[in-house]
Amino acid sequence: MLRRLFYLFPAKSQVQAVVNELEKENIDYARMHTLAKDGVDLEGLPPATASQSSDFGAKLESWVWRLNLFIFFFVLAL
């Protein structure tokens, strides 16, 4: 089972340390992605693509859950 974990760090050096630790634990570098606000240098860190930045999968999952709840309460009301 794949899980998506999000971490927030105040400094690039801390991010680099975590990336190094994850690599030591045999986490594939291609599965790590870093995001930052505009103007922050992420050189040497695994970049995120545009689709990963928008996190479409999480948005889709949220909409499916809302639709599921709507259907449940609609049927319950009947």
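User: Before we look at Lys 12, what does "partly exposed" mean here?

Analyst: Happy to start there: this is a predicted model, and its residues are sorted by relative accessible area. Under 20% is buried and over 50% is exposed. The range in between is called partly exposed.

User: Thanks! Is Lys 12 buried, exposed or in between?

Analyst: The relative accessibility of Lys 12 is 33%. Because that value lies between the 20% and 50% cut-offs, Lys 12 counts as partly exposed.

User: Which residue forms a salt bridge with Lys 12?

Analyst: Side chains of opposite charge can pair when their charged atoms come close. For Lys 12, the closest N and O atoms of the pair are 3.6 Å apart, and the cut-off is 4 Å. The partner is itself partly exposed, at 46% relative accessibility. That partner is Asp 41.

User: How many residues apart are the two, and where do they sit?

Analyst: Lys 12 belongs to helix H1, while Asp 41 lies in the loop between H1 and helix H2 (50-54). The pair thus links distant parts of the chain, and the separation is 29 residues.

User: How far does helix H1 reach from its first C-alpha to its last?

Analyst: Helix H1 covers residues 12-24, which makes 13 residues. At 1.5 Å a residue, 18 Å is expected. The model comes close to that, with a reach of 19 Å.

User: What is the area of the nonpolar surface patch that includes Phe 74?

Analyst: Phe 74 is found in helix H3 (residues 56-77) and is partly exposed at 48%. Leu 67, Phe 70, Ile 71, Val 75 and Leu 78 make the patch together with Phe 74. Its area is about 690 Å².

Terms used: Residues are numbered from 1 along each chain as its sequence is written. This is a predicted model: local features need pLDDT of at least 70, side-chain atom pairs count only at pLDDT 80 or more; totals for chains, interfaces and linings use all residues. Side-chain values use heavy atoms; hydrogens and water are left out. Patches are made of residues with over 30% relative accessible area and no salt bridge: like charges are joined within 9 Å, nonpolar side chains (Val, Leu, Ile, Met, Phe, Trp, Tyr) within 5 Å. Accessible areas come from the Shrake-Rupley method with a 1.4 Å probe; for residues, only the protein chains shown count as cover. A salt bridge is a side-chain nitrogen of Lys or Arg within 4 Å of a carboxyl oxygen of Asp or Glu. Helices (H or I, at least four residues) and strands (E, at least two) are DSSP runs, numbered from the N terminus. Buried means under 20% relative accessible area, exposed over 50%, partly exposed in between (1.4 Å probe, protein chains only). The expected span of a helix is 1.5 Å times one less than its number of residues.
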